[in-house]
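Student: Please take a close look at a single helix in this model, and then set it within the rest of the chain. I should like one connected account, with each term given its cut-offs.

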Amino acid sequence: MSHNPVRPWRNIDRRKSRQIMVGSVPVGGDAPISVQTMTNTVTTDIKGTIAQVQAAAEAGADIVRVSVPDQDSSRALKEIVRESPVPIVADIHFHYKRGIEAAEAGAACLRINPGNIGSEDRVREVIKAARDHNCSMRIGVNAGSLERHLLEKYGEPCPEAMVESGLDHIKILQDNDFHEFKISVKASDVFLSAAAYQALSEATDAPLHLGITEAGGLMSGTIKSAIGLGNLLWMGLGDTIRVSLSADPVEEVKVGYDILKSLGLRHRGVNIISCPSCARQGFDVIRTVETLEKRLEHIKTPMSLSIIGCVVNGPGEALMTDVGFTGGGAGSGMVYLAGKASHKMSNDQMVDHIVEEVEKKAAEIEAAEAQSAQAAE
């Protein structure tokens, strides 16, 4: 986040990490925090997996992970990579040959646990394949699958055990002169994840992949992820994130972006500011917001929209948004443009009108950005 001298309480000083590349996406350093998700189709269902990757990318995913559990999946991965609009991470567990095959198939990154790959010779083979095919890696430590000797040493999954596991895996890669890696230390427990990431951030300069693993369904998982990831991001930790939900991957992407938008770390699409509604509302706020969220999904330009039911907070909120609507009386409300009261609009026509105003404003912003870019050339 850029320095804000006017509102210093909004500043987030990001941890300085080194930068790696996941395909065309930079991760770490001063790169934007990227949003990831993972397909939940059977990978050998090539058509279905590609469709899910494309839907996630359309929703804003920068990177998509695909599980590669067997040789048939490795074969399918090649076509999936070819059709994907974003870099693909291959999720590898246990069998070192899957890692080699995934690198050869064009995966941009391998998600591995080096300790599970096998002998040092096998690890070296995977590293060679990654290096030969310009493929980065993610070391994925999970509280639910810690090494037996660490569980015996510490008695249970704990931050110290997770960090030790991560550093052991880092050493394996670094001993083989491989440095294009990022790392995660995930747990389903928010406290455990947060403590592990904080300790890890002080022990390595590797980019951090944030996540609360197995967070739950759409509602509970979103809340748990927002608490865990939000606090870490607020502290300046994290270079790429994945929200793990028992839901459509597109929902993971939406939640991830909303978390980043709430902290001012990424901006994409329309940020709707709306009231919870009450007896003072001049129109059906909840139904209107639900409709507008769907109608405005196609807008990718960062901008803000306030939908407030009455004049208590409506004008004040509209001062800080690109477009606003505040409920009034007699079946109509006030439309605000660039923070200023512009004109009245009837409630029965407001949705279509707001969509038009938002589309118009998005076009203006895009034109101004294009003109600015052209002038800078």
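Tutor: A residue is called buried under 20% relative accessible area, exposed over 50% and partly exposed in between, with a 1.4 Å probe and protein chains only. Helices (H or I, at least four residues) and strands (E, at least two) are DSSP runs, numbered from the N terminus. This is a predicted model, in which local features need pLDDT of at least 70 and side-chain atom pairs count only at pLDDT 80 or more, while totals for chains, interfaces and linings use all residues. Residues are numbered from 1 along each chain as its sequence is written, and side-chain values use heavy atoms, with hydrogens and water left out.

The helix chosen is H3, which spans residues 96-105. Eight of the 10 residues in H3 are buried, which makes the helix mostly covered. The buried set holds small residues, namely Gly 99, Ala 102, Ala 103 and Ala 105. It also holds Tyr 96 and Ile 100, together with Arg 98 and Glu 101. An α-helix has 3.6 residues a turn, so residues three or four places apart point the same way. After H3 comes Gly 106, with a positive phi near 105°.

A second helix, H13, covers residues 350-376 and contains Glu 366. Glu 366 is partly exposed, at 42% relative accessibility. Along the chain Glu 366 and Thr 301 are 65 residues apart, yet their C-alpha atoms are separated by 7.2 Å. In helix H7, Asp 175 is exposed, with a relative accessible area of 53%. The C-alpha atom of Asp 175 lies 24 Å from that of Lys 153, and 22 residues separate the two along the chain.

The loop from helix H7 (159-175) to strand E8 (181-186) holds Asp 177. Asp 177 has a phi near 55°, a positive value in a residue other than glycine, and is exposed at 55% relative accessibility. Glu 214 sits in another loop, between strand E9 (209-210) and helix H9 (218-234). The phi of Glu 214, which is not a glycine either, is positive and near 50°. Glu 214 is exposed, with 57% relative accessible area.

For the neighbours of a residue, contact means heavy atoms within 4.5 Å. Thr 326 belongs to strand E13, residues 323-327, and is buried at 3% relative accessibility. Beyond four places in sequence, the contacts of Thr 326 include Phe 283, Ile 308, Cys 310, Met 334 and Tyr 336. Arg 18, in the segment before strand E1 (20-22), is partly exposed with a relative accessible area of 21%. With neighbours within four places in sequence left aside, Arg 18 is in contact with Val 27, Gly 28 and Gly 29, and also with His 179, Phe 181, Asp 205, Ala 206 and Pro 207. Asp 30, 12 residues from Arg 18 along the chain, has its C-alpha atom 8.9 Å from that of Arg 18.

The cysteines come next. A disulfide is a pair of cysteine sulfur atoms within 2.5 Å, and the structure holds zero disulfides. Cys 135 is in none, and the nearest cysteine sulfur, that of Cys 109, is 6.0 Å away. Cys 135 is also buried, at 3% relative accessible area. For Cys 275 the closest cysteine sulfur is in Cys 310, at 6.8 Å, which is too far for a bond.

These parts belong to a chain with 13 helices and 15 strands. The radius of gyration is taken over C-alpha atoms, and the globule rule is 2.2 Å times the number of residues to the power 0.38. The chain has a radius of gyration of 23 Å, close to the 21 Å that the rule gives for 377 residues, so it is as compact as a globular protein of that length. Along the principal axes, its C-alpha atoms fill a box of roughly 75 × 45 × 40 Å. Of the 377 residues, 50% are buried. Among contacts with a separation of 6 or more, 62% join residues 24 or more positions apart.

Accessible areas come from the Shrake-Rupley method with a 1.4 Å probe, and for residues only the protein chains shown count as cover. The chain exposes about 17800 Å², of which carbon and sulfur atoms supply 51%. Lys and Arg count as positive and Asp and Glu as negative, with His and the chain ends not counted. Each charge is placed at NZ of Lys, CZ of Arg, CG of Asp or CD of Glu. There are 39 positive and 49 negative side chains, and the centres of the two sets lie 1 Å apart.
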